[in-house]
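Visitor: I am new to this one. Could you show me the structure and explain the terms as they come up?

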Amino acid sequence: EDALAKIKAAGTLKVGTETAFAPFDFIDAGDHVGLNVDLFAEIGKELGVKIEWVALPWDGVLPALEAGKFDMVAGPATITKARMERYRFTAPIAEATVAILKKASDKAITKPEDLAGKAVGVGKATSQLAQLQEFSATLPKKIDVHEYVSFNDAYADMAAGRVVAVANSLPNIAFVAKQRNGVFEVVLPPFGKKSYFGFIGTKDADHASLIDAVDAALIKMKGDGRMAKLQEKWFGTKFDTPDSVKDPAF
Amino acid sequence: MMFDPKVILDHLPEIASGALTTLWIWIVGMVLGIFVGFLVATGRRYGGRFLDIPLGLVVEVLRGTPFLIQIFLVYYGGPYVGVSLDPIPCGLIGLTVYSAAYYSEIFRAGYGSVPHGHVEAAECLGLTRFQTIRRILLPEMALIVLPPCVNLAIILLKESAVLSIITVPELTATVSAIGSAQYAFLEAIFVLAVIYWVIVEATAWAARKTEARLSRLRFSAP
Amino acid sequence: MTLPAISISKLVKRFGPNTVLSDINLEIPEGKVSCLIGPSGSGKSTLLRCMAFLEEASEGMITISGEALGYFERPDGQRERLPAAQIRTVRSKIGMVFQQFNLWPHMTALGNVSEALKTVHKVPKREAEDRAMVQLKKVGLENRAGHYPSQLSGGQQQRVAIARALALQPKIMLFDEPTSALDPELTGEVLTVMRDLAAEGMTMVVVSHEIGFAATVGQQISFLDHGKLLFTGAPSDVFAKPRHPRLEQFLDTYLDRGASMLA
Amino acid sequence: MTLPAISISKLVKRFGPNTVLSDINLEIPEGKVSCLIGPSGSGKSTLLRCMAFLEEASEGMITISGEALGYFERPDGQRERLPAAQIRTVRSKIGMVFQQFNLWPHMTALGNVSEALKTVHKVPKREAEDRAMVQLKKVGLENRAGHYPSQLSGGQQQRVAIARALALQPKIMLFDEPTSALDPELTGEVLTVMRDLAAEGMTMVVVSHEIGFAATVGQQISFLDHGKLLFTGAPSDVFAKPRHPRLEQFLDTYLDRGASMLA
Amino acid sequence: MSFKLFFLLVKAAGWTLGISVISIVFGFLLAVVLSAAMLSGKPLYTMPTKLFISFFRGVPLLVQLLLIYNLLPFIGINVPSVVAAIIGLSLCTAAYQAENLRGGFESVPRGLIEAADMAGFSQRQTFLRIKLPIALRLTFPALVNEAIMILKSSSLVSVVGIVELTRMAQDLAASTYLPLELFSAAGLIYLIICWSVALLSSTVERALPGAIK
Ligand SMILES: Nc1ncnc2c1ncn2[C@@H]1O[C@H](COP(=O)(O)OP(=O)(O)OP(=O)(O)O)[C@@H](O)[C@H]1O
Ligand SMILES: Nc1ncnc2c1ncn2[C@@H]1O[C@H](COP(=O)(O)OP(=O)(O)OP(=O)(O)O)[C@@H](O)[C@H]1O
Ligand SMILES: [Mg+2]
Ligand SMILES: [Mg+2]
């Protein structure tokens with residue numbers, strides 16, 4: 001019997017995540033909330049199981065998935081070629097294209113190209129970092145890239161003034177800008193290649209039916225408008241996402 | 001999970017540079033910390049109440065809070081009060097101040113371990129306070145403070161990993177970044193374990209040698 | 001008569017609320033051996049330490065060959081502290097030998113004796129060591145110069161401590177129970193050195209449990225009890241009967257020991 | 001005549017290459033006070049520790065009231081170690097009082113005295129403490145039962161140490177310089193307790209620098225020098241002239257002190 | 001920063017305190033065993049103990065925790081977060097405490113043990129009734145220092161999924177974007193805990209009988 005059957009028999013689906021990743025997963029006044037929480041609540045209903053959350057710092061999440069500490073990972077993570085070699089992603093749940101967050105008071109930056117020669121913060125070993133470096137190469141003057149262990153440190157450093165902008169996926173920085181209205185601002189349009197966020201599972205045969213079932217549930221929610229409503233709730237906007245990503249842009 | 005040594009070999013130069021960064025920040029921060037710590041202990045001993053009480057308070061605050069939080073507040077909070085430091089200087093200052101708090105306590109105990117009579121003998125012979133510290137107190141406490149100093153050095157080495165949150169490219173951050181970029185977590189953990197272990201054992205070995213030499217030099221036949 | 005080597009007047013010493021020395025008046029004659037005896041806790045060490053300015057008296061005055069030590073008395077009777085440099089000058093006339101020797105363990109015997117010559121008096125290393133060797137020879141330890149304190153017997157350590165004090169050519173030597181940390185047989189070595197010093201006319205003040213030494217070498221004996229100087233005089237006066245009842249009781253403790261088998 | 005309390009034959013003790021006791025033959029008579037005297041380093045402590053089996057002799061035999069201690073001699077002359085339980089049984093006849101008292105600092109006086117009764121002899125707590133109190137009363141410390149060693153004077157500590165040894169009702173008490181860590185005035189307390197024990201007929205072996213005590217209380221005196229037993233006999237023989245030249249020289253050290261002012 | 005946020009930090013501090021205290025107790029018990037093994041002098045016991053101490057002192061706690069949490073499942077032991085955290089902290093602190101205690105055991109004056117020999121104590125009785133209490137008394141300040149270190153190091157257990165004080169501050173900072181306020185508050189809470197421990201221990205130390213002068 002495979003993973004899905006075991007999960008149904010036990011009645012709980014264990015999902016690993018990191019809770020410092022607003023608006024997907026975060027702690028709001030002590031409660032674990034976010035798009036992931038709402039989406040998995042619906043997935044749970046579709047599969048007929050309860051959801052059990054395991055929160056870890058991001059460094060620990062994927063090793064723990066491989067160690068079998070939980071059945072899949074919410075996250076989500078940007079779907080990339082390299083990652084698809086090691087993991088299986090679900091249907092996309094949001095756009096992940098990289099854009100710029102800057103201080104609202106900073107009038108010198110109006111478009112991504114204005115970053116040439118400036119200091120910009122980004123997370124260490126992320127797909128956003130790769131995108132920013134690629135973008136930097138196209139500019140007349142290189143961007144001074146600062147790498148942080150977490151994006152939250154990058155925001156703190158922008159507030160402290162060491163970097164003028166932070167490059168991150170659109171949904172995330174849109175949420176930051178909304179939370180610190182008047183302090184931070186998103187610079188449109190996004191400069192990165194179009195990319196998407198998906199949940200993560202393992203590639204082994206045992207788990208294939210589980211991810212298939214989650215995919216089916218997500219596509220069903222997209223069809224009946226529940227997905228759009230939740231995106232609206234957490235991002236203030238909704239995204240057009242394909243049913244599956246076979247060939248990511250990078 | 002599979003163990004793939006290729007990941008390590010491919011990134012040897014980055015790993016080595018991370019290790020070197022950790023090593024030099026650790027050594028410089030520690031040496032400065034020992035120096036400042038000694039000054040603090042001396043100030044507290046001879047400076048009267050007006051130096052002893054405030055310094056004691058600062059030492060206790062530094063020892064009572066995690067290094068992570070201190071370094072975060074200094075680096076990200078500093079600019080709000082007009083102190084904007086670059087990562088490496090900030091990391092060095094942080095490590096120096098944090099270790100100075102601990103080292104000052106070690107030296108305070110060191111001062112206490114020298115029999116008061118030895119100081120009185122110096123006083124009777126007319127040595128000034130500075131001469132007494134330099135010629136009598138320091139050499140006499142050297143052997144006693146060496147083991148705790150080494151212990152602290154080892155703790156500091158591991159604490160220095162915290163500097164990654166202020167973007168210092170030290171060993172732990174470098175290796176775990178390689179781990180997550182390549183999804184090679186097992187390999188990363190392994191590399192970290194081995195490198196730190198080697199540095200710690202080398203330090204402990206050097207300390208044992210120094211201790212043996214010190215005690216041979218000072219208290220045995222010429 | 002010459003000026004007394006040390007003159008103590010109306011000295012009071014308090015530790016917090018406890019008065020451990022009250023109204024001490026004492027003159028230490030020059031060129032003689034003075035002994036302080038008395039039961040444990042009577043204040044002998046404290047009085048000696050006041051003479052070396054290791055303790056500061058709470059009241060009263062001490063003069064060394066007529067010069068004020070630590071404090072001088074203003075015409076209005078108030079005491080005022082002297083500048084540190086002046087204290088050092090007066091104190092340089094005094095050498096102190098501690099009960100626990102207090103040799104510096106990280107220096108050889110020669111290092112211990114020559115250290116102050118080098119650092120305080122800026123004597124060049126070679127000369128300082130030559131002068132130190134002279135003192136070590138005087139206490140019979142020229143062949144132990146390179147030994148560290150931990151490699152010397154108790155008696156040898158105490159003799160190095162004496163040489164260390166002598167190297168600075170003090171006019172007065174203070175000894176605080178110089179032999180009580182020693183084995184009976186080691187005691188002999190140190191007492192011999194002290195007898196030699198006495199013979200040379202060194203002014204010495206000795207706190208001692210060695211009643212035998214006090215009786216044979218002491219030229220003035222002072223008996224302290226509960227912080228009071230009960231008696232000062234020549235040995236013949238001190239040991240002659242009838243004695244002060246407290247002194248009688250004190251001496252009995254000793255006579256009980258060591259003496260009874262002489263019969 | 002009864003069996004000797006302790007009988008030592010052909011005992012040799014080496015530490016590495018150094019022979020510190022050579023060919024010791026000694027009998028400690030029952031119910032008497034035997035004293036070991038001799039210069040520092042002569043091996044007194046080592047001999048006493050051999051009697052308590054705190055040191056294992058390198059050669060030779062010790063018997064306690066006729067029972068072999070630690071080793072027994074096989075018919076072919078080879079020594080063989082006894083089983084641990086048997087060593088404990090023989091050793092239980094011996095009480096030891098150390099120079100440095102060695103009281104357990106984390107227990108009160110009562111705790112120190114009653115501890116072995118409780119843990120080793122499984123005496124119920126109440127009874128053990130009652131029996132401990134009897135011993136404390138004997139050394140005059142019933143009102144110090146609840147004090148920790150650090151709260152007692154040296155003399156009181158040493159008396160607790162004696163009570164601790166007595167509580168196990170040994171047949172023989174060994175004392176290693178029981179007063180040399182004490183101030184002269186505190187010494188008296190301990191010597192009084194020892195005199196009382198002697199009067200009760202306890203077999204005692206005392207290593208002592210207190211020649212006075214040895215001369216007045218000791219009934220057998222042994223003089224050790226350089227690991228050799230030079231002389232054993234009654235006090236009158238030991239102190240009578242003419243003496244063994246080494247003993248003469250040794251006693252002189254004492255006579256020099258304390259005695260000379262008796263004249 | 002609202003009172004609500006502060007309250008959440010205090011609640012997370014409960015985890016910090018709880019996990020640390022349990023680990024300190026377990027670690028201490030293990031340390032007693034380890035130090036006894038070191039003192040035995042038998043290579044059969046000392047060799048593995050030396051290896052244990054070398055590993056747990058030489059390798060960062062973070063790595064130890066990741067190993068316990070993610071590697072044990074591969075040999076069929078799936079430890080829950082809390083257990084992994086307690087195991088990791090206990091083993092690490094045990095290595096340090098064992099060294100402290102060994103120093104303590106070695107400085108128990110020889111004469112006190114001889115006194116126990118004379119009173120007929122067995123080896124086990126001597127260890128439990130004499131050596132251990134005295135070694136404890138001698139090393140008490142060092143043991144407290146190590147306990148405070150562990151309190152602070154416990155922030156690393158978030159890698160196995162426990163939201164203790166530091167992690168809670170990070171989580172809250174990630175949604176409120178008020179990192180400075182949250183980290184200052186967390187620092188204050190650590191300070192209060194550490195000072196309380198230090199104060200309590202110095203009171204206990206004064207009350208403990210048996211200082212060796
Ligand atoms: N630093 C101090 N603080 C408080 N009290 C002290 C201090 N030094 C000495 N005393 C007290 O002063 C009194 C006299 O002590 P002192 O050492 O002078 O006696 P002593 O005659 O030398 O005794 P002993 O023969 O035992 O050496 C004692 O009661 C002692 O407790
Ligand atoms: N554990 C040891 N290892 C090596 N040598 C030792 C040891 N214990 C004692 N000795 C040596 O044995 C000799 C006799 O020592 P012991 O302590 O028995 O002398 P003692 O007569 O008691 O002297 P004292 O009067 O100074 O106490 C000394 O030379 C000493 O250095
Ligand atoms: Mg004194
Ligand atoms: Mg001895």
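What follows is a short exchange about a predicted model, first on a sheet and then on an interface.

Visitor: What makes β1 and β2 of chain C a pair of strands?
Guide: Pairing requires at least two bridges between strands. Seven bridges join β1(C), residues 6-15, to β2(C), so the two count as paired, and they run antiparallel. In β2(C), C:Leu21 stands opposite C:Lys13.

Visitor: Why are β2 and β5 of chain C said to stand at the edges?
Guide: The sheet is open, with four strands in the order β2-β1-β4-β5. β2 (18-28) and β5 (67-68) each have a single partner strand, so one side of each has no neighbour in the sheet. Helix α1 of chain C, residues 44-51, packs on this sheet and touches β1, β2 and β4.

Visitor: How do you know that chain C and chain E are not in contact?
Guide: Contact means heavy atoms within 4.5 Å. No contact joins these two chains, and their closest C-alpha atoms lie 16 Å apart.

Visitor: Which pair of chains has the most contacts?
Guide: Chains B and E, among the six pairs that touch. There, 29 residues of chain E meet 31 residues of chain B. Together the two chains bury about 2,500 Å², 75% of it on carbon and sulfur atoms.

Visitor: How many salt bridges are there between chain E and chain B?
Guide: Zero. A salt bridge needs a side-chain nitrogen of Lys or Arg within 4 Å of a carboxyl oxygen of Asp or Glu. Polar contacts do occur, in nine residue pairs across the interface. On the side of chain E, α8(E) gives the most, with 10 residues.

Note on methods. Residues are numbered from 1 along each chain as its sequence is written. Chains are lettered from A and ligands numbered from 1 in the order in which they are written. This is a predicted model: local features need pLDDT of at least 70, side-chain atom pairs count only at pLDDT 80 or more; totals for chains, interfaces and linings use all residues. Side-chain values use heavy atoms; hydrogens and water are left out. Axes are lines fitted to C-alpha atoms, for helices over the stretch in contact, and angles run from 0 to 180 degrees between N-to-C directions. Buried area is the accessible area (1.4 Å probe) that two parts lose on being put together, summed over both. A polar contact is a pair of N or O atoms within 3.5 Å; within protein, one must be able to donate a hydrogen and the other to accept it, and residues adjacent in sequence count only if both atoms are side-chain atoms.
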